[in-house]
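Visitor: Got a minute to walk me through this one? I'd like the fold first, then the details.

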Amino acid sequence: MVQLGIVVPSSLPEFPCNVSNIPNKIGGFPYWLYPCDPQLLKCQKCQELMPLLMQIYCPDDDVAEAFHRIVYVFCCPKNSCHSGNDGFLVLRAQLYEESDYYSQDGDWIGAVSHFCFCRLPGTKRCGSCSTAYYCSREHQVLDWPTHKQECKNLPGEQSKIFVWPEHEIEDEDEPDKDTWTSEQQSKFQVDTSITEEDKELEQEDETEVDVDKQFLKFEKRIAMCPSQVLRYARLGEEDSDPLFVSESGKPEFVPDCPHCKGKRTFEFQIMPQLLNYLKIDHKDPNALDWGTLLIYSCANHCEEANQRYTTEYLCVQKFSQAGMGDSMRKKLEERAKVEEETE
């Protein structure tokens, strides 16, 4: 059974929180399962810390060392850093039921008691007030325009820290087409259906190319729940293959886990509907864009030696020229225009 992720309004718990309350969400700052080295988060191109795109709490009840388990996806906001699969980072963290970080009741008892605003360990402290903690000199400098108001009672400014907009994700079973009701359908508001007008516009540019049949399959599958931003279907579950957006751009090779040399298998994918929530200018031809982001993780739940956060594999698949990607992007542009007019 495929689990779908739907964006819902909610109030998120304070960090650090009880491990049972760690949310599935997009944007904002991560809810770290345990302290993370900020050096892991640097974009390979611009060398700046990448903001969180999504985190998923996904434990494995059959594997003791993965009793608690979170997968984090980070995305550099700079368009120039995105080429192929570059500009993204996937980290996996996991813990036994009993650990040095959480009590038997699930409350945080870790040795780290001070955190940076980004929720990484606060190893540096403001020399003036000694109350603000930071993970790095870089974040201390970036936070100063905001912090100086409380530090020295000076006029504050807007923080220069970039984060993607924060929303909680609620999981639901993918509906069966035979049991899908109109009441359920009304819950989902994002319209990604292909109209006859869309098809005509696409066909003008496709005089010698057939429509991508894989995209039509993709569009038909997501029509039962058009607002899904996530599809979770890990190995061993029914229908655990990714839902590709195109015949082209499928990963020809998924690298094995570099630590245990075992296979990496598909775990979940991030859908193009997520772009609706990132406040991206869809009218910009160079704006961040994807058809789907495919995340593959080590099937053995292995951990890198001396490193609690393990890097996993992400593949970016784009819409094909022969598909209906333009029509979906058109709808994103229309939504962005409506939001712009109402602000």
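**Strands, rings and a cavity**

Guide: Let's start with one rung: Thr265 stands opposite Ser297 in strand 11. Keep in mind that this is a predicted model.

Visitor: How many bridges join strand 10 to strand 11?

Guide: There are 6 of them, and the two strands run antiparallel.

Visitor: Zoom out. How many helices and strands does the protein chain have?

Guide: 5 helices and 12 strands.

Visitor: What do the strands close into?

Guide: A barrel. It takes 10 strands, in the order 1-8-2-3-4-5-12-11-10-9, with antiparallel pairing.

Visitor: What share of the residues counts as buried?

Guide: 50% of the 343 residues in the protein chain.

Visitor: And contacts? What share comes from residues 24 or more positions apart?

Guide: 69%, taken over contacts with a separation of 6 or more.

Visitor: Back to the barrel. Why is strand 5 described as largely enclosed?

Guide: Strand 5 covers residues 88-95, and 8 of the 8 are buried, so the rest of the structure largely encloses it.

Visitor: Which residues point which way from strand 5?

Guide: One way: Phe88, Val90, Arg92 and Gln94. The other way: Leu89, Leu91, Ala93 and Leu95. Both sets are buried, Arg92 and Gln94 included.

Visitor: How many bridges join strand 4 to strand 5?

Guide: 8 bridges. Strand 4 spans residues 68-75 and runs antiparallel to strand 5. For a specific rung, take Arg69, whose bridge partner in strand 5 is Gln94.

Visitor: What about strand 5 and strand 12, how many bridges there?

Guide: 3 bridges, again antiparallel, with strand 12 at residues 310-317. Leu91 has Thr311 as its bridge partner in strand 12. Arg92 stands opposite Thr310.

Visitor: How many residues of strand 12 are buried?

Guide: 7 of the 8, so strand 12 is also largely enclosed by the rest of the structure.

Visitor: Which residue is the bridge partner of Ile295 in strand 12?

Guide: Leu314. Ile295 belongs to the strand 11 stretch, residues 292-298, and 5 bridges join that strand to strand 12, antiparallel.

Visitor: Switching to rings. How many aromatic pairs does the structure hold?

Guide: 18. Take Trp32 and Tyr309: their ring centres are 5.4 Å apart and the planes sit at 90°, so this pair is edge-to-face.

Visitor: Where in the chain are those two?

Guide: In distant parts, 277 residues apart. Trp32 is in the loop between strand 2 (25-26) and strand 3 (52-57), while Tyr309 is in the loop between strand 11 and strand 12.

Visitor: Buried or exposed, the two of them?

Guide: Buried. Trp32 has a relative accessible area of 3%. Tyr309 has 1%. The cut-off for buried is under 20%.

Visitor: Give me another pair. Why are Tyr296 and Tyr313 called tilted?

Guide: Their planes are at 50°, with ring centres 6.2 Å apart, so the pair is tilted. This pair also links distant parts of the chain: Tyr296 is in strand 11 and Tyr313 in strand 12, 17 residues apart. Tyr296 and Tyr313 are both buried.

Visitor: Which residues form the aromatic cluster?

Guide: Trp32, Tyr34, Tyr72, Phe74, Tyr101, Tyr102, Trp108 and Tyr309.

Visitor: Now for empty space. How many cavities of 30 Å³ or more turn up?

Guide: A search of the whole structure finds 1. The space in the largest cavity is about 40 Å³.

Visitor: Which residues line the largest cavity?

Guide: Phe15, Pro16, Cys17, Ile22, Trp32, Tyr102 and Trp108. Trp32, Tyr102 and Trp108 also appear in the aromatic cluster.

Visitor: How does the lining divide by type?

Guide: 7 nonpolar, no polar and no charged.

Visitor: Last topic, Glu247. Where is it found?

Guide: Glu247 is in the loop between strand 9 (230-232) and strand 10 (264-270). Its relative accessible area is 47%, so it counts as partly exposed.

Visitor: Which residues does Glu247 touch?

Guide: Asp212 and Gln214, leaving aside residues up to four places away in sequence.

Visitor: And how far is Lys213 from Glu247?

Guide: 7.4 Å, C-alpha to C-alpha, with their positions 34 residues apart in sequence.

Key:
Residues numbered from 1 in each chain as written. Predicted model: local features only at pLDDT ≥ 70, side-chain atom pairs only at ≥ 80, totals over all residues. Heavy atoms only, no water. Helix = DSSP H or I, 4+ residues; strand = E, 2+ residues; numbered from the N terminus. Buried < 20%, exposed > 50% of the residue type's maximum accessible area, 1.4 Å probe, protein only. Contact = heavy atoms within 4.5 Å. Pairing = 2+ DSSP bridges. 1 Å grid on protein atoms, 1.4 Å probe; cavity = no way out; pocket = protein on both sides within 12 Å on 5 of 7 lines; lining within 4 Å. Points joined across faces, edges and corners; volume = space filled by probe spheres on them. Nonpolar A, V, L, I, M, F, W, Y, C, P; charged D, E, K, R; others polar. Phe/Tyr/Trp six-rings, centres within 6.5 Å; stacked < 30°, edge-to-face > 60°.
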